[in-house]
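Q: Please take one part of this model and go through it closely, starting from a single pair of side chains. Then place that part within the rest of the chain.

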Amino acid sequence: MDTKIGSLDVSKPANDVVCCPSNGSVSAIQDSVPTAAVTSWDATLGGHLARRLVQIGITDLFTVPGDFNLTLLDHLIDEPRLTNVGCCNELNAGYAADGYARARGVGACVVTFSVGGLSVLNAIAGAYSENLPVICIVGGPNSNDYGTNRILHHTIGLPDFSQELRCFQTVTCYQAVVNHLEDAHELIDTAISTALKESKPVYISISCNLAGLPHPTFSRDPVPFYIPPKMSNPNGLEAAVEAAAQFLNKAVKPVLVGGPKLRVSKACDAFVELADASSYAVAVMPSAKGLVPEDHPHFIGTYWGAISTAFCAEIVESADAYLFAGPIFNDYSSVGYSLLLKREKAVIVEPERVTIGNGPTFGCVLMKDFLRALAKRIKSNISSYENYHRIFVPDGVPVRFGPREALRVNVLFQHIQKMVSSQSAVIADTGDSWFNCQKLKLPKGCGYEFQMQYGSIGWSVGATLGYAQSVPEKRVISCIGDGSFQVTAPDISTMMRQGHNTIIFLINNGGYTIEVEIHDGPYNVIKNWDYKALVDAIHNGEGKCWTTKVRCEEELVEAIEIATGDKKDCLCFIEVFAHKDDTSKELLEWGSRVSAANSRPPNPQ
């Protein structure tokens with residue numbers, strides 16, 4: 001992890017230049033070399049940064065003003081191609097940049113020094129865990145104050161201003177502290193290009209007195225970045241493909257499982273090519289949901305150990321060979337380390353490494369190159385999918401007990417299933433929504449996001465804001481628990497200001513349900529709010545917003561009809577009342593296994 005990297009060669013390549021964002025789509029980077037000089041007002045540090053952000057595909061900045069970043073904000077929003085999205089707090093601004101990067105491929109937030117930077121830190125850590133290139137821009141102290149013995153406000157009362165930098169060093173792949181005009185151009189360009197290359201967040205601090213100053217290095221439009229594509233070692237690739245093909249072709253009932261690192265490896269399409277060529281049964285790990293098309297003819301669902309999609313775990317764990325592309329085996333995805341997998345049966349494909357069973361490992365092999373090459377050498381074998389087809393029994397439907405009975409969560413998600421389409425995206429917050437949304441069958445083109453690795457409660461409010469801002473053509477459906485909503489609720493006001501037509505299902509069950517199933521206690525019970533009234537108060541007659549409360553299926557059906565009909569252009573907030581013990585069966589199983597993993601006694605010394 002570098003704090004400073006040498007200058008980047010940004011010379012014009014021979015062909016068009018693009019940046020591949022983390023979800024596999026293409027983010028526009030201008031492919032012509034600008035030659036026009038800029039005006040003296042634009043030839044500033046802030047103007048250069050603004051043009052760079054636009055150049056990599058960012059059109060929206062999630063900001064919270066503070067005295068150290070005000071001049072910088074002036075010059076950023078003066079760029080006509082950038083929209084300022086003012087957020088209620090820095091944490092949500094960071095979450096919004098996270099959600100934006102998931103859809104657009106890169107995102108950015110702007111906060112003030114220390115009180116803002118340390119507040120956004122949690123969101124940046126989450127983006128780091130999910131391999132999202134988020135550019136965190138901080139307005140820093142006056143350049144004249146560095147190296148003095150002065151104590152500034154927004155600090156912990158010491159003349160050392162490096163506390164914020166030290167915190168960001170562990171959750172970003174590059175940190176640039178710009179307090180001299182002479183190297184500002186280099187530091188800014190290196191930071192942004194490193195974020196794109198590494199698909200990780202970066203930190204840029206800009207002294208408050210420099211943002212509006214001109215410098216000769218900013219006098220022309222910046223030359224577009226050239227990010228050299230990573231290359232596989234041809235010999236290593238050939239050896240890895242040969243070994244994997246031999247390993248898999250001798251198997252009787254092999255399967256494919258997609259993991260979350262398909263995104264950062266830009267290998268989603270290559271994985272589908274292998275699925276087509278192999279005819280294997282195809283599953284995804286929970287955090288890879290949405291990365292593999294669920295309309296694929298051999299798709300069998302989510303592999304999540306004991307809480308997998310029905311019949312999926314049986315097929316995966318009984319296979320005599322399985323290829324995992326980009327997996328993350330942590331305590332959550334392994335359901336408390338309880339997966340019934342054997343290493344000797346596995347081909348593990350990492351972004352730049354392939355391991356065959358307990359045997360050879362091949363480095364410098366890119367995942368997408370490996371999967372595409374393997375697709376040309378693999379023998380078609382439909383056995384695992386045929387086995388799945390033999391044992392498969394269609395899902396049942398929730399039992400109805402009578403009219404206007406208390407609404408159950410499984411009935412709620414049965415109706416949400418009918419809402420999702422290619423023109424929608426689903427955001428699931430940390431909690432029981434993880435498990436209920438995991439069971440949704442996504443039509444082709446439907447977006448899906450949740451934060452499994454970091455699992456920060458409340459993430460979805462900001463992420464919903466950022467995702468909806470990035471892809472206004474999709475209608476976002478966000479499923480949030482009441483405990484999560486209490487953490488980050490204020491930025492629902494920003495959704496209103498931006499004119500979003502998101503549908504939010506607020507599940508009011510009186511507490512932190514996911515925590516209850518891991519370890520219960522009085523601390524998991526929260527003060528109940530009148531959530532509809534809260535959103536109405538935030539609305540305050542400004543913007544388009546519609547709210548309602550739902551206690552039974554009949555009211556839910558009516559609310560969905562209104563939200564998708566007369567109020568389709570409004571932000572729709574539907575407060576759904578559920579019993580505190582109404583949880584998915586998957587959460588009950590998962591919670592008990594994670595609890596067992598958490599409570600393991602210390603190893604003997």
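**A buried pair and its surroundings**

A: Glutamate 449 and arginine 263 are both buried; buried means under 20% relative accessible area, exposed over 50%, and partly exposed in between, with a 1.4 Å probe and protein chains only. The model is predicted, so local features need pLDDT of at least 70 and side-chain atom pairs count only at pLDDT 80 or more, while totals for chains, interfaces and linings use all residues. Residues are numbered from 1 along each chain as its sequence is written, and side-chain values use heavy atoms, with hydrogens and water left out.

The side chains of glutamate 449 and arginine 263 form a salt bridge with an N to O distance of 2.7 Å. Glutamate 449 belongs to strand β15 (residues 447-450) and arginine 263 to helix α8 (residues 261-264), so the contact ties together parts that lie 186 residues apart in sequence. Helices (H or I, at least four residues) and strands (E, at least two) are DSSP runs numbered from the N terminus. A salt bridge here is a side-chain nitrogen of Lys or Arg within 4 Å of a carboxyl oxygen of Asp or Glu; by this rule the count is 25.

Another of these bridges joins lysine 289 to glutamate 294, with the closest N and O atoms 2.7 Å apart. Lysine 289 is buried at a relative accessible area of 4%, and glutamate 294 is buried at 17%. As for arginine 263 and glutamate 449, salt bridges with shared partners join Asp98, Arg102, Glu130, Arg263 and Glu449 into one network. A further bridge lies between aspartate 160 and arginine 166, whose closest N and O atoms are 3.3 Å apart. Aspartate 160 counts as partly exposed because its relative accessibility is 42%, and arginine 166, at 44%, is partly exposed too.

The starting pair leads on to the internal spaces. By the grid rule there are 5 cavities of 30 Å³ or more, and the largest has a volume of about 230 Å³. This cavity is lined by 19 residues, and the closest to its centre are Glu130, Pro260, Arg263, Ser287 and Ile328. Helix α8 and strand β15 each supply at least two residues of this lining. The lining of the largest cavity divides into 7 nonpolar, 6 polar and 6 charged residues, where Ala, Val, Leu, Ile, Met, Phe, Trp, Tyr, Cys and Pro count as nonpolar, Asp, Glu, Lys and Arg as charged, and the others, Gly among them, as polar.

The spaces are found on a 1 Å grid over the protein atoms alone: a cavity is a set of points where a 1.4 Å probe fits but cannot get out, a pocket is an open set with protein on both sides within 12 Å along at least five of seven lines, and lining residues have an atom within 4 Å of a point. Grid points are joined across faces, edges and corners, and a volume is the space filled by probe spheres set on the points.

The second largest cavity holds about 190 Å³. Of its 20 lining residues, Gly431, Asp432, Gly481, Asn509 and Thr513 are the closest to its centre. Two or more residues of this lining come from each of α13 (409-419), α14 (432-438), α16 (482-488) and α18 (513-518). By class, the lining has 6 nonpolar, 10 polar and 4 charged residues.

The largest pocket contains about 1,200 Å³ of space. It has 46 lining residues, with Thr309, Asp395, Lys439, Lys441 and Glu586 nearest its centre. Elements giving two or more residues to this lining are β9 (299-302), α10 (312-318), α12 (383-391), α13, α14 and α21 (585-598). Helix α13 gives the most, with 5 residues.

Two annotations come from an unreviewed UniProt entry. "Domain: Thiamine pyrophosphate enzyme TPP-binding" covers residues 451-576, a stretch that is 40% helix and 20% strand. "Domain: Thiamine pyrophosphate enzyme N-terminal TPP-binding" covers residues 44-149, where the chain is 44% helix and 20% strand. UniProt positions follow the numbering used here, feature names are shortened, and annotations may be inferred rather than shown by experiment.

The protein chain as a whole has 21 helices and 19 strands, and 57% of its 605 residues count as buried.
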